[in-house]
Structures are given as structure tokens and as C-alpha cells.
Amino acid sequence: MSVFRLTEAEREARLVPELAALTERHREACLPYRRILDAIGAAPPYDRLADLPWLPVRLFKTHELRSVPDDQVFRVLTSSGTTGQQPSRIHLDREAAAAQPRMLAATVRAVLGERRLPMLVVDSRSVTRDPTLSARGAGVLGMMNFGRDHTFVLDDQGRPDAEAVKGFLARHGGEKFLVFGFTFMVWLYLRELGLDLSNGVLIHSGGWKRLAEQAVDNAEFRRRLHQECGITKIHNFYGMVEQIGTIFLEGPGGDGLYCPDFANVVVRDPVTWQEAPTGVPGVIEVVSTLPTSYPGHVLLTEDLGVVHGVDDGAWPGKRFSVLGRLPRAEARGCSDTFGQA
């Protein structure tokens, strides 16, 4: 069943009570979170998503915020970051760890379908063998769950392996296949192969900082990948380890990012912190029902964005874009830290 079904009104009606209940659950189970809510005077009832109390995402770099006891922590995830940055630490119990891949799979099925596709990975296999498993490696391993006959575009030295890709295309080029990579690496390596990837579905993410420095925006990215590789099915996504399992997926026409039914965004005016009107840029807040083992269900990011429209695109709900990082905010995209991972 698709997770891109709810109109904005339906989504608001469903999410507000669920997220309000999560807020109270975390208030009871996480003492630092309770102190924050008490300090800002946050209390129910909450009538709209925009009324729910948010946490700055940076707090997960500086504080241990979890709503489960030590003996129930099943996995601790850390965020990507450049050298010297403090990573976020996200605590998952077994329930939360099981929900994350299930809901991620439900989201990507909207563009991949139900069966596993042959998969090209725009990276080297060595990134998945790192015993400390960088965020980039974890991202590759996570997406590999949706593919089969995994073929890596780069060899272990990080050089393009055209022969491996040609072999993959000889086996699978005549059918639908999956291509995954971090945005800058896709731009850097996929185009130079000069191969026909027209049956591929490209899913990419990981930051635009380096491409912005080259004056490459999303429209130019899509145009050149179509022109030079033949790819027309291209889906960027926006997500973060602090809301693991939740991604906001680009629609079929490239007209913006869409929210799955269990999540949403609020764009806030950086002066008043009120919700900004459609078409007015502000700071992105992300909400999701998945963070049950830690209070990450309502997070103010360090990204700027804008809502382009509501219930007016390929899928219902808000249609938005990420415009970049806040001034002086850390670089956080996996492809922005390529070379340091």
C-alpha cells in the first residue's frame, strides 16, 4: 500500500494526536526532554502540527536523549560529519530498529515497485567493509536491501570500473534496474562512463554543497543525467539519521520533495518561528511518528527550505524543496563529506 495517499488535511488530523501522544511518552521517559518541555512551558492540547514543541537537531550532538533504559538499547546510530565534528547519537530499541527499514521500504516502493531490482551502486564495495561503518557505508548497505546482483561503479581504489558496469548492463540493461549513489558522486562518476542507463531508476541523496559551488541545481542535475546517461526516472530524497527510516522523496516530475503519510514538514520563519506561508522560505522542521525510542519526532533542522504547494502535485500533501544550510551550520550530507568518510 502506498505511503503517499493522505491529503494535507487528512495527514494533519492523523499526525497531531499521534505526535502529541509521543510527546507525552517521551516527557515521561526522558528526563532531559522533560526539563526542556518544562522550561519552555510546553503542554497539551496541541491543535496543529505547528503547535507541537520542537527540539533543535543539534541537541543530539551534545546530549544523550533516549526514552528507553540502557538494557533495551539495541543499536546506537551516529550521524555523518566532517573531521572534528561531534556526531549525533541516536538510540534505538528493537521495536524502533525494526520499524525503520520497514517504513523506508514502504516509501521507496512508491518508485521501485514490489520486487528487488538489479542494482548499480555509485560507490566502491570497500565503503561497506569499514568496521566502523561510516554514514556513507551505512547508507549504501541500507539501500542495497532493495536491490540484487549488486554491481559497484567504482573499484576498491575509488576509480570508475567501466567494465563492471558494462557487464551489468549486458545482464540487466534491457529491463528496469536501480541506481543508487550520493549526489555528488553520481554527478562526478556516472556521467563520465558514457553508457546507456535509460532503463535505470536513480535514487540519490546526500547534500548539494559541492554541486552548488559548481552552479549545478536540481534542474541542471536532472537535465545532464538525462542527456548524458539517458536516465529520466530520478528521485532525490531528504533525510537524516536523527529521524532514521523517514525520507522525503522527490516526485516523478522533479517538482519537489513529498512527505510520506507518517511524516510532514513545517517551514518556520527564522525571526518569529511561526509557520511560514507557502512560497516563503524558512527553517525546515521535520516530524515523524517513527522515533519511539528517543524524542526525535519533532525536530528543527539546520536547513532552509520552502513549501511550493499543497495537494497540487503528483502525490498529495506538501511539496517542498531544500534550499541549503543555514549560515555557519555544519556540512552534513554524506556526499559533502566524500573524501573524509
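Biologist: Leaving aside its neighbours within four places in sequence, which residues is V76 in contact with?

Modeller: The model is predicted. In it, V76 is in contact with R89, I90 and H91, once neighbours within four places in sequence are left aside. Contact here means heavy atoms within 4.5 Å. V76 itself lies in strand β2, residues 75-78.

Biologist: Why is V76 called partly exposed?

Modeller: Its relative accessible area is 34%. Buried needs under 20%, and exposed needs over 50%. The value for V76 falls in between, so V76 is partly exposed.

Biologist: How far apart are V76 and D93 in space?

Modeller: Their C-alpha atoms are 8.9 Å apart, with their places 17 residues apart in sequence.

Biologist: Turn to H91. What makes H91 a buried residue?

Modeller: H91 has a relative accessible area of 5%. The cut-off is under 20%, so H91 counts as buried. H91 sits in strand β3, residues 89-92.

Biologist: Which residues touch H91, neighbours within four places in sequence aside?

Modeller: H91 is in contact with E64, L65, R66, V73, R75, V76, S293 and Y294. Take Y294: it is 203 residues from H91 in sequence, but the C-alpha to C-alpha distance is 6.4 Å.

Biologist: How do you know what share of contacts in the whole protein join residues at least 24 apart?

Modeller: Count the contacts between residues at least 6 apart in sequence. Of these, 66% join residues at least 24 apart.

Biologist: Why is the protein called as compact as a globular protein of its length?

Modeller: Its radius of gyration is 20 Å. The globule rule also gives 20 Å for 341 residues, so the protein is as compact as a globular protein of that length. The C-alpha trace spans about 60 × 45 × 40 Å along its principal axes. Nine helices and 14 strands make up the secondary structure. Buried residues account for 53% of the 341.

Biologist: What makes helix α7 mostly covered?

Modeller: Seven of its eight residues are buried. They are T183, F184, M185, V186, W187, Y189 and L190. Each has a relative accessible area under 20%, because that is what buried means.

Biologist: What is notable about phi of W273?

Modeller: Phi of W273 is near 65 degrees, a positive value in a residue other than glycine. W273 is found in the loop between β11 and β12. At 33% relative accessibility, W273 lies between the 20% and 50% cut-offs, so W273 is partly exposed.

Biologist: And why is D311 called partly exposed?

Modeller: Its relative accessibility is 39%, over the buried cut-off of 20% and under the exposed cut-off of 50%, so D311 is partly exposed. D311 also has a positive phi, about 55 degrees, although it is not a glycine. D311 is in the loop between β13 and β14.

Biologist: How do you know whether the peptide bond from P44 to P45 is cis or trans?

Modeller: Omega is near 5 degrees, and the bond is cis. P45 lies in the loop between α2 and β1.

Biologist: Where is confidence lowest and where highest among the helices and strands?

Modeller: Helix α8, residues 209-213, is lowest, at a mean pLDDT of 74. Strand β11, residues 263-268, is highest, at 98. The mean over the protein is 89, and 92% of its residues reach 70 or more.

Biologist: Over which residues does pLDDT stay under 50?

Modeller: Over residues 331-341. The model still has 42 contacts for them beyond four places in sequence.

Technical notes:
Residues are numbered from 1 along each chain as its sequence is written. This is a predicted model: local features need pLDDT of at least 70, side-chain atom pairs count only at pLDDT 80 or more; totals for chains, interfaces and linings use all residues. Side-chain values use heavy atoms; hydrogens and water are left out. Helices (H or I, at least four residues) and strands (E, at least two) are DSSP runs, numbered from the N terminus. The radius of gyration is taken over C-alpha atoms; the globule rule is 2.2 Å times the number of residues to the power 0.38. Buried means under 20% relative accessible area, exposed over 50%, partly exposed in between (1.4 Å probe, protein chains only). pLDDT is the predictor's confidence in each residue, from 0 to 100.
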